[in-house]
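Me: I am new to this structure and would like a close look at a single part of it. Please take one strand and explain, step by step, what surrounds it.

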Amino acid sequence: MGTWNSRGLRGSTLEDMVNRTNEWYLEKGLALMQKIPTPITPVKMDKEHRQITLAYFDQRSTIDYIGAVQGIPVCFDAKECVAETFPLQNIHEHQVRFMEEFEKQHGIAFILIYYSAKDLLYYMRFEELRKFWDRAQEGGRKSIRFEELDPRFFLKLMRGCYVPYLDAVNLDLELREELDKD
């Protein structure tokens, strides 16, 4: 596994970091999150090495991770972005529909975005994503500008390699409770 340095995810990927974080959360008894593999159909096999050498995607995957945090259903996708604007084309309609249905079942859906040029992680609540998605669907801007993001949901990496998304989930829950009181 790669190492972290201050110039970005050198030698590692956001997915590796999230997987490592999920293992750590599991060890601490804080969350049980599972990476969802993209379904494939093998076309060609190397029988000697028991490996798939050619395959195609069966269907579009929904999200990257699903599980539970202290009894609360959670699902999220992890995205990387080089520029200061995040193109909404990186999110697909079927993913938005899945997250919307997930939230209707009282789960929490979000997207983790790593802005590699700024070396920053962002937790985007589904409610926030929906606002940007709807704007694009109505003919508006098809990307999210960095300055449009809620500063409370930027994440500081723990020990340089763990993605502390549970802190953001906690803040997300607090905001939801405040809205329920109103």
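Reply: What follows is a walk around strand β5, from its own residues out to its neighbours.

This is a predicted model, in which local features need pLDDT of at least 70 and side-chain atom pairs count only at pLDDT 80 or more, while totals for chains, interfaces and linings use all residues. Residues are numbered from 1 along each chain as its sequence is written, and side-chain values use heavy atoms, with hydrogens and water left out.

The chain as a whole holds four helices and 10 strands, where helices (H or I, at least four residues) and strands (E, at least two) are DSSP runs numbered from the N terminus. Of its 182 residues, 39% are buried, a word that stands for under 20% relative accessible area with a 1.4 Å probe, counting protein chains only.

Strand β5 spans residues 72–81 and is mostly covered, with seven of its 10 residues buried. One partner is strand β4, residues 65–69, which pairs with β5 in the antiparallel sense over five bridges; two strands are said to pair if DSSP finds at least two bridges between them. Within this pairing, Tyr65 has Phe76 of β5 as its bridge partner, and Ala68 stands opposite Pro73 in β5. The two strands β4 and β5 make a hairpin with two residues between them, and Gln70, which lies in the turn, has a positive phi of about 50 degrees.

The other pairing to follow is with strand β7, residues 108–115, which runs parallel to β5 and is joined to it by eight bridges. Here Asp77 stands opposite Ile111 in β7.

These pairings belong to an open sheet of six strands in the order β1-β4-β5-β7-β8-β10, and the pairing in this sheet is mixed. Strands β1 (31–35) and β10 (154–155) stand at the edges and have a single partner strand each, so one side of each is left without a neighbour in the sheet.

Helices also meet this sheet. Helix α4, residues 165–181, packs on the sheet and touches β1, β4, β5, β7, β8 (120–125) and β10, its direction making about 135 degrees with that of β7; touching here is contact, meaning heavy atoms within 4.5 Å. Helix α2, residues 93–104, lies across β4, β5 and β7 and runs at about 155 degrees to β5. For such angles, axes are lines fitted to C-alpha atoms, for helices over the stretch in contact, and the values run from 0 to 180 degrees between N-to-C directions.

Notes:
Buried means under 20% relative accessible area, exposed over 50%, partly exposed in between (1.4 Å probe, protein chains only).
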